[in-house]
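Work through the exercises below with the model open. Each task is followed by a stepwise solution.

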Amino acid sequence: MSLYTLSKLMFALNREPELQARFSADPAAAIEPFRLTGEERGAVLAHDIGLLYVLGVNGQLLMHFAALVGIEWSDYLDRMRRGIVEHGPVRAGIYAMHSAPHERIAG
């Protein structure tokens with residue numbers, strides 16, 4: 001997984017009007033230079049907030065992407081919650097979900 005590249009795309013989509021316009025006109029072509037994994041690419045093109053969250057995209061970046069693609073705030077939060085149910089725990093980044101200390105087994 002390329003969380004850095006995925007996050008870089010989200011940041012660029014939040015800050016660059018030219019990229020936003022290209023993304024609105026032809027999303028697949030607009031994100032092509034970012035060399036995402038198939039799963040990441042699919043999540044971006046499907047506006048799959050839940051999967052993007054599980055992949056580790058920072059919530060600050062993700063909420064701006066959600067607004068860009070027309071997802072309302074309450075729906076955005078619900079999609080993040082559903083993402084964990086549908087795709088499992090957050091895999092990477094600052095929101096990564098690890099087992100609780102009492103669940104770890106000493107090696």
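## Exercise 1: A salt bridge across the chain

Glu39 and Arg91 pair through their side chains in a salt bridge, with N and O 2.9 Å apart. The model is predicted. Task: find which parts of the chain this pair links, and classify Glu39 and Arg91 by exposure.

1. Place the residues. Glu39 lies in helix α4 (residues 38-45), and Arg91 lies in the segment after α7 (73-87).
2. Take the spacing. The two residues are 52 residues apart, so the pair links distant parts of the chain.
3. Check Glu39. Its relative accessibility is 37%, which makes Glu39 partly exposed.
4. Check Arg91. Its relative accessible area is 42%, so Arg91 is partly exposed.

## Exercise 2: Two further bridges

Task: describe the salt bridges Glu18–Arg22 and Arg41–Glu32.

1. Start with Glu18 and Arg22. Their closest N and O atoms are 3.0 Å apart.
2. Explain the spacing. Both sit in helix α2 (residues 17-25), and because they are four residues apart, about one helical turn separates them.
3. Add exposure. Glu18 is exposed at 58% relative accessibility. Arg22 is partly exposed at 39%.
4. Turn to Arg41 and Glu32. Here the closest N and O atoms are 3.8 Å apart, and the cut-off is 4 Å, so the pair counts as a salt bridge.
5. Add exposure again. Arg41 is partly exposed at 30% relative accessibility. Glu32 is partly exposed at 48%.
6. Give the total. The count comes to five salt bridges by this rule.

## Exercise 3: The nonpolar core

Task: which residues have the most contacts inside the largest nonpolar core, and which elements give two or more residues to this core?

1. Count the members. The largest nonpolar core has 27 residues.
2. List those with the most contacts inside it: Leu9, Met10, Val44, Ile49, Leu52, Leu62 and Phe65.
3. Map the elements. Two or more residues come from each of α1 (3-15), α2, α3 (27-31), α4, α5 (49-55), α6 (59-68) and α7.
4. Zoom in on Leu52. Leaving out residues up to four places away in sequence, Leu52 touches Leu6, Ala43, Val44, Val57, Leu62 and Phe65.

## Exercise 4: Confidence

Task: where is the pLDDT below 50?

1. Begin with the whole protein. The mean pLDDT is 90, and 90% of the residues reach 70 or more.
2. Locate the stretch. The pLDDT is below 50 over residues 100-107.
3. Count its contacts. Beyond near neighbours in sequence, this stretch has two contacts in the model.
4. Draw the conclusion. Where pLDDT is low, predicted coordinates should not be read in detail.

Terms used
Residues are numbered from 1 along each chain as its sequence is written. This is a predicted model: local features need pLDDT of at least 70, side-chain atom pairs count only at pLDDT 80 or more; totals for chains, interfaces and linings use all residues. Side-chain values use heavy atoms; hydrogens and water are left out. pLDDT is the predictor's confidence in each residue, from 0 to 100. Contact means heavy atoms within 4.5 Å. Buried means under 20% relative accessible area, exposed over 50%, partly exposed in between (1.4 Å probe, protein chains only). A nonpolar core is a set of buried Ala, Val, Leu, Ile, Met, Phe, Trp, Tyr and Cys residues joined through side-chain atoms within 4.5 Å.
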